[in-house]
Amino acid sequence: MDFNLLNQKLTGKTEVGLLSTEDYKHMIKDVYDYIRENHPRIDTFLLHGEGILCPLKARSFEFFVLLGVYCPIHPFKDFISIETHMSQEDKNNLESDSRCIVYDSSYGVLSLKESEEMYSRDVLVVTRNQMFYDYYLYKYNARSFYELEGRDRMQYLASKCNKGEMVRDLQVFAIIFTSRVYEELARSIRKKLISRRKNAYLLFLKDLSYERMITIEGTECIVIVDCPFFECSLEMHIPVVTPFEVEYALSREWRRFDKNSFRVEDEATSNCKELDLVERAGKILLRSSGQIVPFSYEEEDMDIHSGESGIACRYDHEGV
């Protein structure tokens with residue numbers, strides 16, 4: 001960490017989020033103590049990141065100190081991060097390499113912007129972060145400069161397609177998006193499912209914990225719309241899929257892998273009556289003790305509204 005640069009960037013700040021992954025937790029105390037000693041008026045909050053640091057996974061702060069590899073898709077606005085020094089031998093080897101080279105953020109090199117070219121060329125990933133490498137491995141069949149082990153790519157993609165087959169005939173879908181960034185994509189998925197006479201509803205949920213997701217009732221499948229660097233590995237009693245699996249289920253085509261890919265045409269409107277539609281999916285809800293899914297195939301108010309504050313027996317705005 002460049003403490004001189006950190007000192008400059010902290011000038012005029014009032015709050016800082018100190019965000020760290022497990023690999024860099026040994027640096028937390030030194031950075032925290034430096035901020036407290038040199039900028040005692042700044043409120044410093046300690047935050048934990050899962051593998052990769054992404055602003056979609058953290059609450060907003062005026063400034064971030066990032067101890068770990070950060071997400072190249074969703075940039076932080078105002079921050080300082082750690083840098084990894086590369087040996088001269090590694091630099092020489094990379095300079096003579098003709099492949100598309102992708103560096104993680106810790107090397108201080110501008111990350112290669114993803115493009116169609118990466119599908120047709122060999123891709124080399126310079127990182128020691130497994131999550132960062134896995135993303136490029138599954139999407140582009142990339143190789144690791146530091147020879148990190150990766151899961152069998154074809155087995156991984158086959159498992160995605162198998163899930164697509166599993167959910168093809170299901171009728172009730174809960175679509176969870178973890179950030180406003182993905183709200184439009186979530187709405188698009190819902191629209192395409194409804195055009196195929198399925199019932200789908202949206203949930204905005206930043207924390208994809210097992211405790212929260214297990215409470216979702218009245219659905220046959222959960223669709224997670226999240227930063228593609230993160231893999232939802234929760235074992236649930238119903239399928240948990242990404243937009244890619246839904247795309248495969250509806251289009252019946254195995255396209256280039258992209259976890260948030262969703263290119264599906266609307267299906268022609270059916271002439272069947274709404275009663276017929278309810279008959280298809282309604283029985284599923286009748287088996288659930290909490291019948292929380294409204295059946296509606298018309299346009300609805302899908303905006304996110306702030307909930308009531310206070311306790312159920314007396315909300316704050318209702319007075320004493």
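Buried means under 20% relative accessible area, exposed over 50%, and partly exposed in between. I wrote this cut-off down before anything else, and I noted beside it that the model is a predicted one.

**Entry 1: loop after α7**

I began with arginine 197, which I found in the loop between α7 and β9. Its relative accessible area is 23%, so I entered arginine 197 as partly exposed. I then looked up its backbone, and phi of arginine 197 is near 60 degrees, a positive value in a residue other than glycine.

Arginine 196 has its place in the loop between α7 (183-195) and β9 (199-204). Is arginine 196 buried or exposed? I read 14% relative accessibility for arginine 196, which therefore counts as buried. Its side chain is joined to the side chain of serine 195 by a polar contact of 3.2 Å.

Asparagine 199 I located in strand β9, and with a relative accessible area of 2% I recorded asparagine 199 as buried. I also checked asparagine 199 against phenylalanine 173, which is 26 residues apart from it along the chain, and found their C-alpha atoms separated by 6.3 Å.

**Entry 2: another positive phi**

I turned to asparagine 141, which is found in the loop between α5 and β7 (143-144). Asparagine 141 is not a glycine, although its phi is positive, at about 55 degrees. Because its relative accessible area is 35%, I put asparagine 141 down as partly exposed.

**Entry 3: two further loop residues**

Serine 87 sits in the loop between β4 (79-81) and α3 (88-95), and its relative accessibility of 35% means that I counted serine 87 as partly exposed. What does the side chain of serine 87 reach at 3.2 Å? I traced this side chain to the backbone nitrogen of aspartate 90.

For histidine 39, I noted a place in the loop between α2 (28-38) and β2 (43-48). The relative accessible area of histidine 39 is 14%, so I marked this residue as buried. A polar contact of 2.8 Å joins the side chain of histidine 39 to that of asparagine 7.

**Entry 4: nonpolar cores**

Which residues have the most contacts inside the largest nonpolar core? I listed Tyr136, Ile175, Ile189, Val223, Val225 and Phe229, in a core that has 46 residues. When I looked for the element that gives the most to this core, I found α5, with seven residues. There is also a second, separate core of 15 residues, and I noted Tyr24, Met27, Ile42 and Leu67 among them.

**Entry 5: the largest pocket**

I next looked up the largest pocket, in which lies about 620 Å³ of space. I counted 34 residues in its lining, and those that lie nearest its centre are Tyr156, Lys160, Lys163, Glu231 and Cys232. By residue class, the lining divides into 19 nonpolar, four polar and 11 charged residues.

Which elements each supply at least two residues of this lining? I found α5 (130-140), α6 (153-167), β11 (240-241) and α9 (243-251) to do so.

Why does the largest pocket lie between domain 2 (88-151) and domain 3 (154-251)? I reasoned that both domains give residues to its lining, so the pocket lies between them.

**Entry 6: helix α9**

Finally I followed helix α9, which supplies at least two residues of the pocket lining, to leucine 250, whose place is in that helix. Leucine 250 has a relative accessible area of 16%, and because that is under 20% I entered this leucine as buried. I compared its position with that of valine 167: the two are 83 residues apart in sequence, while from C-alpha to C-alpha they are 9.4 Å apart in space.

Key
Residues are numbered from 1 along each chain as its sequence is written. This is a predicted model: local features need pLDDT of at least 70, side-chain atom pairs count only at pLDDT 80 or more; totals for chains, interfaces and linings use all residues. Side-chain values use heavy atoms; hydrogens and water are left out. On a 1 Å grid over the protein atoms alone, a cavity is a set of points where a 1.4 Å probe fits but cannot get out, and a pocket is an open set with protein on both sides within 12 Å along at least five of seven lines; lining residues have an atom within 4 Å of a point. Grid points are joined across faces, edges and corners, and a volume is the space filled by probe spheres set on the points. Helices (H or I, at least four residues) and strands (E, at least two) are DSSP runs, numbered from the N terminus. Ala, Val, Leu, Ile, Met, Phe, Trp, Tyr, Cys and Pro count as nonpolar, Asp, Glu, Lys and Arg as charged, and the others, Gly among them, as polar. Domain bounds come from an automatic or database domain assignment. A nonpolar core is a set of buried Ala, Val, Leu, Ile, Met, Phe, Trp, Tyr and Cys residues joined through side-chain atoms within 4.5 Å. Buried means under 20% relative accessible area, exposed over 50%, partly exposed in between (1.4 Å probe, protein chains only). A polar contact is a pair of N or O atoms within 3.5 Å; within protein, one must be able to donate a hydrogen and the other to accept it, and residues adjacent in sequence count only if both atoms are side-chain atoms.
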